[in-house]
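Reader: I am new to protein models, and I would like to learn how to read one feature at a time. Could we go through this one together?

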Amino acid sequence: NGFCWSPEREMLQAAIDDTQKFVSGVVRLKLYKGNVMVTGRKSKYSLYDEEVVTFEEDSVYDQKDAQGFIKLQALRLRTLAQSRYLSKD
């Protein structure tokens, strides 16, 4: 279709390549009757840290932080929905 060599495809490829720089490791899967379940994963670049993953009382994460984040993310989606609703008129 001619887009294979387009600047847009090259830009997208550069973005994809950049996101994959630290992708490495091993994933264990269980296959059963057409289903795939991840049973394990390991990577030297993993961001998983048992000290951080808790949602209980701790000094790493304040539950109140999520409220502002959720409201901020919802704002752009509400604005988009409103503009689409208004454009129907």
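**Reading a predicted model**

Author: Among the elements of the chain, strand E1 (residues 26-32) has the highest mean pLDDT, 96, and helix H2 (residues 64-87) the lowest, 84; pLDDT is the predictor's confidence in each residue, from 0 to 100, while helices (H or I, at least four residues) and strands (E, at least two) are DSSP runs numbered from the N terminus. This is a predicted model, in which local features need pLDDT of at least 70 and side-chain atom pairs count only at pLDDT 80 or more, whereas totals for chains, interfaces and linings use all residues. Residues are numbered from 1 along each chain as its sequence is written, and side-chain values use heavy atoms, with hydrogens and water left out.

Reader: Which strand is joined to E1, and how many bridges join them?

Author: Two strands pair if DSSP finds at least two bridges between them. Here seven bridges join E1 to strand E2 (residues 35-42), and the two run antiparallel, with leucine 29 opposite valine 38 in E2.

Reader: How is a pair of aromatic rings described?

Author: Such a pair is described by the distance of the centres and the angle of the planes; rings of Phe, Tyr and Trp (its six-membered ring) pair if their centres lie within 6.5 Å, and planes under 30 degrees apart count as stacked, over 60 as edge-to-face and the rest as tilted. The structure holds one aromatic pair: phenylalanine 22 and tyrosine 45 are edge-to-face, 5.1 Å centre to centre, with 75 degrees between the planes.
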